[in-house]
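Here is a brief report on one protein model. It starts at a single side chain and then widens to the whole chain.

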Amino acid sequence: MINNKTVSILGSGWLGEPLANHLAQACYEVGLSTRTPTKVSTLKKTRVTPHIIDIEALQGNVKDFLQAQTLIINITCKALPAFEKLAEEIAKSPIQQVLFISSTSVYPNDAGLCSESDQLTSETNLRKIEKCFTDNIGFECTVLRLAGLIGRKRHPGRFFASGKSIKDGFGKVNLIHQADCIKLIETILTQQAWGEIFNGCADNHPTKKDYYTEMALSLGLPKPDYIIAENSATKVISNEKVKRTLGYQFIYPNILDVSC
């Protein structure tokens, strides 16, 4: 019988690896995937069990990776057929729950206030990938839609340091800190909050022009240039559901007060 504190994490990038280390410290048995064989020796020095997995070229070793209670999918792959095949493999495995890390880019830019109950009329590729897991009856699934990511090695003040201009300077900012991503994922696991869709985003939404200018100046960098779009994006991500349903309290509710 699989221990209910066994978790496999697909993806060991900017979020996946610190998430794995955090869950291991919280007494979870953690498997972590990488597509890079040379990274395995580094991961073996931690408390996680590394696996070489590429969902676009699945092999028999995926069965070992799926020997867990819960699978967290946290990769940037956009290949729908690969996710369809992965969902089939999960349904045949001991995995009981899937947490799919998605993006608030699934909501249209002109949608105004975006909540999880919104009916998405456009079948984008990302929405189709989400449904590979939410529509599969072989396991329970929760989707966590994260806003733009900031935190360790991603200080927003450096986003435009190369001289690029801010597109749509009057559009609203939707961001979440890495620390909140990790804490929010752990909260979903702890509360066994399955069969849900959640947004992950900080409280405030200044304009891109105001926010990235302030963040650049905070690092002593020059103000970035900005472009005014003819039809400025109105999208603002609501985080009310995670507060109401999970009782979640953000570590960084104010994106103007960040530690990176």
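Leaving aside residues up to four places away in sequence, lysine 183 touches Tyr248, Gln249 and Ile251. This is a predicted model. One of these partners also offers a polar atom: the backbone oxygen of glutamine 249 lies 3.0 Å from a polar atom of the lysine 183 side chain.

Lysine 183 sits in helix H6, which spans residues 178–191. Is the residue buried, exposed or partly exposed? Lysine 183 has 31% relative accessibility, so it counts as partly exposed; the class runs between the 20% limit for buried and the 50% limit for exposed. Histidine 22 is 161 residues away along the chain, yet its C-alpha atom is 9.2 Å from that of lysine 183.

Now the whole chain. The secondary structure comes to 8 helices and 11 strands. The radius of gyration is 19 Å; a compact globule of 260 residues would have one near 18 Å, so the two agree. Contacts reach far along the sequence: of those between residues at least 6 apart, 77% join residues at least 24 apart.

Some values for the protein chain:

| Property | Value |
|---|---|
| C-alpha box along the principal axes | roughly 55 × 40 × 35 Å |
| Residues counted as buried | 48% of 260 residues |
| Exposed area | about 12,700 Å² |
| Share of exposed area from carbon and sulfur atoms | 49% |

Charge comes last. The protein chain has 29 positive and 26 negative charges, and their mean positions are 5 Å apart.

Conventions
Residues numbered from 1 in each chain as written. Predicted model: local features only at pLDDT ≥ 70, side-chain atom pairs only at ≥ 80, totals over all residues. Heavy atoms only, no water. Helix = DSSP H or I, 4+ residues; strand = E, 2+ residues; numbered from the N terminus. Rg over C-alpha atoms; globule rule 2.2 N^0.38 Å. Buried < 20%, exposed > 50% of the residue type's maximum accessible area, 1.4 Å probe, protein only. Contact = heavy atoms within 4.5 Å. Areas by Shrake-Rupley, 256 points an atom, 1.4 Å probe, with all protein chains shown as cover. Lys, Arg positive; Asp, Glu negative; His and termini not counted. Charge placed at Lys NZ, Arg CZ, Asp CG, Glu CD. Polar contact = N/O pair within 3.5 Å; in protein donor to acceptor, adjacent residues only side chain to side chain.
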